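Reader: I'd like a close look at one helix and what sits around it. Could you walk me through that part and then tie it to the rest of the fold?

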Amino acid sequence: MSTNKRVLLVVNPISGGKDKTPIIDEVRKTIMQRGDDLHIYETRGEHDKENLYKVVNDYQPTRVLIVGGDGTIKLMAEILKDDKVPLGIFPAGSANGLAENLNLPTNNSELTQIALSDNFVELDTISINNELCLHISDVGLNAALIKNYQEGNIRGKLGYIIQSIPTLIKSDFPFHFKIEVEGRTLHRNAVLLAIANARKYGTGSTINPKGKYDDGLFEVLVFKEFNIPEILKTFREKVELSKDFLEIFSASEVIIECTRKVPFQIDGEYRGEVKKVHAVISPVKIKIAVPQKKAEIKLKP
Ligand SMILES: Nc1ncnc2c1ncn2[C@@H]1O[C@H](COP(=O)(O)OP(=O)(O)OP(=O)(O)O)[C@@H](O)[C@H]1O
């Protein structure tokens with residue numbers, strides 16, 4: 001067990017509509033038992049980046065624990081910018097896309113032990129339109145759903161379910177995309193085009209069965225039709241999806257253009273409508289504490 005760590009605990013009080021007190025209490029207790037030092041920062045939703053830059057500079061944490069969803073993990077990764085300070089994650093968002101891929105337990109005491117442990121994975125990140133993406137970004141139907149969710153006032157998975165039917169009715173899919181990938185130019189009609197570093201969405205749906213977090217590549221996923229039986233298949237552990245439904249390209253860079261503006265999201269945060277998306281694998285890697293073995297098996301299938 002390593003001692004004398006300076007642990008920064010970053011808590012998003014609103015994420016997932018859940019009370020974070022039991023997690024904070026568990027972390028406080030464990031840190032005290034270990035004789036480590038703890039500093040807690042609660043996000044406010046405004047000026048968090050500037051505030052956290054200052055906290056990191058002043059406190060010089062040796063470990064950062066995050067209680068929140070992908071948005072909060074991404075915020076911290078953007079501030080730390082490299083893999084020197086490992087992260088420990090407590091999935092407490094509405095849909096925990098990144099954590100869904102790491103096989104983390106749900107029990108707070110186990111999560112705390114893992115978050116402070118020295119068993120790590122190093123994850124690739126993607127720079128998309130000059131913004132860091134850790135998990136999945138997409139243009140099309142899913143981004144429209146995220147926009148409607150963020151404009152609605154019900155948090156958590158229920159909020160997404162409530163918005164799904166109106167999103168489907170209002171959305172003007174399919175969209176026509178020009179895709180420049182690995183020296184080829186392709187034209188595709190699609191309902192949704194995703195750039196994925198991960199295998200699963202936060203809902204647990206496996207959309208990128210061959211995805212590896214640490215191979216220096218991401219996948220471009222072209223969902224060509226809105227096909228409910230195929231969508232339901234993605235919730236199984238071993239997935240074989242039809243090529244008429246989904247086409248996949250592995251790449252280190254892609255340029256996507258659409259003839260009209262399409263809703264766009266990065267790691268669950270809506271970023272407006274765009275006509276062009278440029279994604280390239282980023283030099284930033286992030287180091288995350290994970291359970292021994294289990295996560296390795298998943299990440300290197
Ligand atoms: N105290 C706060 N009040 C309001 N918004 C906040 C606060 N702290 C953080 N936020 C917002 O929370 C979002 C990040 O949430 P995160 O991804 O961690 O969890 P989430 O449950 O997935 O979020 P959401 O339910 O909004 O999808 C950011 O948009 C950020 O601005």
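Author: Start with H3, which is mostly covered: eight of its 11 residues are buried. This is a predicted model, so take everything here as computed from it. The buried residues of H3 are Asp70, Thr72, Ile73, Lys74, Leu75, Met76, Ala77 and Leu80. Right after the helix comes Lys81, with a positive phi near 60°. For background, most residues other than glycine have a negative phi.

What is H3 next to? One neighbour is the ligand. H3, spanning residues 70–80, gives three residues to the shell around the ligand, the largest share. That shell has 18 residues, and those that come nearest are Ser15, Gly45, Gly69, Gly71 and Gly93. Sorted by character, the shell holds two nonpolar, 12 polar and four charged residues. It also draws on both domains, with at least three residues from each of domain 1 (6–125 + 285–299) and domain 2 (131–283).

That brings us to the domains themselves. The protein is divided into domain 1, made of 6–125 plus 285–299, and domain 2, covering 131–283. Their contact takes 23 residues from domain 1 and 27 residues from domain 2. On the domain 1 side, H3, helix H4 (97–100) and S5 each supply at least two residues. H3 turns up again here, with six residues, the largest share of the side of domain 1 that touches domain 2. The residues on that side divide into eight nonpolar, nine polar and six charged. So H3 gives the largest share to the ligand shell and also to the domain 1 side of the domain contact.

Now follow S5, another of the contributors on that side. Strand S5 (residues 120–128) pairs with strand S14 (residues 269–289) in the antiparallel sense, over nine bridges. One example: Val121 has Ile288 in S14 as its bridge partner. S5 also runs antiparallel to strand S6 (residues 131–133), joined to it by three bridges. There, the partner of Ile126 is Cys133 in S6.

S5 and S6 form a hairpin with two residues between them. Asn129 is found in that loop between S5 and S6, and its phi is near 45°, a positive value in a residue other than glycine. Is Asn129 buried or partly exposed? Asn129 is partly exposed, because just 14 other C-beta atoms lie within 10 Å, and a residue needs 20 or more to be buried.

There's a useful counterpart on the way into S14. Asp267 lies in the loop between strand S13 (253–266) and S14. Asp267 has a positive phi too, near 50°, and is again a residue other than glycine. Its surroundings read another way, though: Asp267 is buried, because 26 other C-beta atoms lie within 10 Å. A positive phi in a loop goes with partial exposure at Asn129 and with burial at Asp267.

Helix H2 offers one more case. H2 (residues 48–59) has 12 residues and reaches 16 Å from its first C-alpha to its last, close to the 16 Å expected at 1.5 Å a residue. Just after H2, Gln60 takes a positive phi of about 50°. So there's a positive phi right after H2, at Gln60, and right after H3, at Lys81.

Back to H4, the remaining named contributor on the domain 1 side. Leu104 lies in the loop between H4 and helix H5 (108–115). Why does Leu104 count as buried? Because 24 other C-beta atoms lie within 10 Å of its own, and 20 is the cut-off. Setting aside residues up to four places away in sequence, Leu104 touches Ile89, Pro91, Ala99, Leu111, Ile114 and Pro291. Take Ile114 from that list: Leu104 and Ile114 are 10 residues apart in sequence and 8.4 Å apart in space, C-alpha to C-alpha.

Finally, zoom out. The protein has nine helices and 14 strands. Buried residues make up 42% of its 301 residues. Among contacts between residues at least 6 apart in sequence, 74% join residues at least 24 apart.

Note on methods
Residues are numbered from 1 along each chain as its sequence is written. This is a predicted model: local features need pLDDT of at least 70, side-chain atom pairs count only at pLDDT 80 or more; totals for chains, interfaces and linings use all residues. Helices (H or I, at least four residues) and strands (E, at least two) are DSSP runs, numbered from the N terminus. A residue is buried if 20 or more other C-beta atoms lie within 10 Å of its own, exposed if 12 or fewer, and partly exposed in between; C-beta atoms are placed from the backbone. Two residues are in contact if their C-beta atoms, placed from the backbone, lie within 7 Å. A residue is near a molecule or strand if its C-beta atom, placed from the backbone, lies within 6 Å of it. Ala, Val, Leu, Ile, Met, Phe, Trp, Tyr, Cys and Pro count as nonpolar, Asp, Glu, Lys and Arg as charged, and the others, Gly among them, as polar. Domain bounds come from an automatic or database domain assignment. The expected span of a helix is 1.5 Å times one less than its number of residues. Two strands pair if DSSP finds at least two bridges between them.
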